[in-house]
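I opened the file to check its metal site, charged pairs, cysteines and internal space. My notes follow in the order of the look-ups.

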Amino acid sequence: MRRLLMCALTLVLAAGVSTLQAGKRLKRVKGPIVVLTFDDATESQRSVVGPLLKKYGFGATFYVCEFPGFEDKTKYMTWEQIRELSDMGFEIGNHSRSHGQMSRMSAEEVEAETAYIEEKCAEYGIPHPVTYAYPGYDNSPEGIAVLQRMGYTLARHGGDKPYMVGSSDKMLMPSYGVVDARFETDDFIRQALDEARDGQIVIFCLHGVPDLAHDFVSTSPENFEKLLKELKARRCKVIAMRDLLKYDL
Ligand SMILES: [Zn+2]
């Protein structure tokens, strides 16, 4: 009997260990969990997106780079403005220095492009980036290996589908691209949010609100608030990519 009890206890302990990582108990993914991400460091992310997210009490990740034309401050944030978003509690993630195609770069170039953003963050007192987003969703196995060597364990991709716990790749986490055209043509937002349930995470990828640098990825402030209202109405837990590190993915 005693042996049987010990055996049961061992089983219980073993089950508990599966959700332990580095001494921390990881949370189960219980929906609806939604991650908001914003790419390319466009100016409206500081002036429009940050304040609106604060109004709703939502978390988010801003994937920053120095896109060609970064010096035009009517279109792109300054590094001081990026720091302000960080100080407001948002995550600053790595989107590479110059937004080039990873699949066309050598391992050394990927490393230099990634390290540049880390150094800029250090220079401006922004926490070291811990998650990554592929510019143009483009990637390569060699580039992904470089990111992993540099300590990145979560990276965002595209694909318009949810992240499935236990089967999706953490270095190629799918996301839904949000742009104005999607609000006109279908019930895209509602359909995507229906996927935010137990064992699944919905990640949205936005750009500027509006995007003065690239019109085709722009989302108007009106459409953006439609999304925020829907997230509130559905009582979604709206978080940053780095918050996913607390979950058993
Ligand atoms: Zn981008």
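The entries below go from the metal site to the salt bridges, then to the cysteines and the cavity.

**Entry 1: model status.** I noted before anything else that this is a predicted model.

**Entry 2: zinc site.** I asked which residues coordinate the zinc ion. I found D40 through OD, H95 through NE2 and H99 through NE2, at 2.0 to 2.1 Å. In sequence I read the spacing of these donor residues as D-x54-H-x3-H. I also looked up the accessibility of H95, and the value is 1%, so H95 counts as buried.

**Entry 3: salt bridges, whole structure.** I ran the search over the whole structure and got twelve salt bridges. I kept some of them for a closer look.

**Entry 4: D39 and R156.** I found a salt bridge between D39 and R156, with the closest N and O atoms 2.8 Å apart. The pair links distant parts of the chain: D39 belongs to strand β3 (residues 33–39) and R156 to strand β7 (residues 154–159), 117 residues apart. I then asked whether the two partners are buried or exposed. D39 has a relative accessibility of 3%, which is under the 20% cut-off, so I list D39 as buried. R156 comes out at 0% and is buried by the 20% cut-off as well.

**Entry 5: D194 and R234.** I found a second pair to record, D194 with R234, whose closest N and O atoms are 2.9 Å apart. D194 sits in helix α7 (residues 188–194), and R234 sits in the loop between α8 (221–233) and β11 (237–239), so this salt bridge ties together parts that are 40 residues apart in sequence. I looked up accessibility here too: D194 is at 44% and counts as partly exposed, and R234 is at 26% and also counts as partly exposed. I traced further partners and found that D187, R190, D194, E230 and R234 are linked in a network of salt bridges.

**Entry 6: R197 and E195.** I recorded a salt bridge between R197 and E195, with 3.6 Å between the closest N and O atoms. R197 is partly exposed at 41%, and E195 is partly exposed at 24%.

**Entry 7: cysteines.** I asked how many disulfides the structure holds. The search of the whole structure returned zero. For C205 I looked up the nearest cysteine sulfur, which is that of C65, 12 Å away. C205 itself is buried, with a relative accessible area of 1%. For C236 the closest cysteine sulfur is in C205 at 18 Å; a disulfide needs the two sulfur atoms within 2.5 Å, so the distance is too far for a bond. C236 is buried, at 10% relative accessible area.

**Entry 8: cavity.** I counted cavities of 30 Å³ or more and got one. The largest cavity holds about 40 Å³ of space. I listed its lining as S96, G100, M102, M105, V110, E113, T114, Y132 and P135. I asked which element gives the most to this lining. Helix α4 (residues 107–123) does, with three residues. By residue class, I sorted the lining into five nonpolar, three polar and one charged.

Conventions
Residues are numbered from 1 along each chain as its sequence is written. This is a predicted model: local features need pLDDT of at least 70, side-chain atom pairs count only at pLDDT 80 or more; totals for chains, interfaces and linings use all residues. Side-chain values use heavy atoms; hydrogens and water are left out. On a 1 Å grid over the protein atoms alone, a cavity is a set of points where a 1.4 Å probe fits but cannot get out, and a pocket is an open set with protein on both sides within 12 Å along at least five of seven lines; lining residues have an atom within 4 Å of a point. Grid points are joined across faces, edges and corners, and a volume is the space filled by probe spheres set on the points. Helices (H or I, at least four residues) and strands (E, at least two) are DSSP runs, numbered from the N terminus. Ala, Val, Leu, Ile, Met, Phe, Trp, Tyr, Cys and Pro count as nonpolar, Asp, Glu, Lys and Arg as charged, and the others, Gly among them, as polar. A salt bridge is a side-chain nitrogen of Lys or Arg within 4 Å of a carboxyl oxygen of Asp or Glu. Buried means under 20% relative accessible area, exposed over 50%, partly exposed in between (1.4 Å probe, protein chains only). Donors are N, O and S atoms within 2.8 Å of the metal (3.2 Å for Na, K and Ca); water is not among the atoms, so sites may look incomplete.
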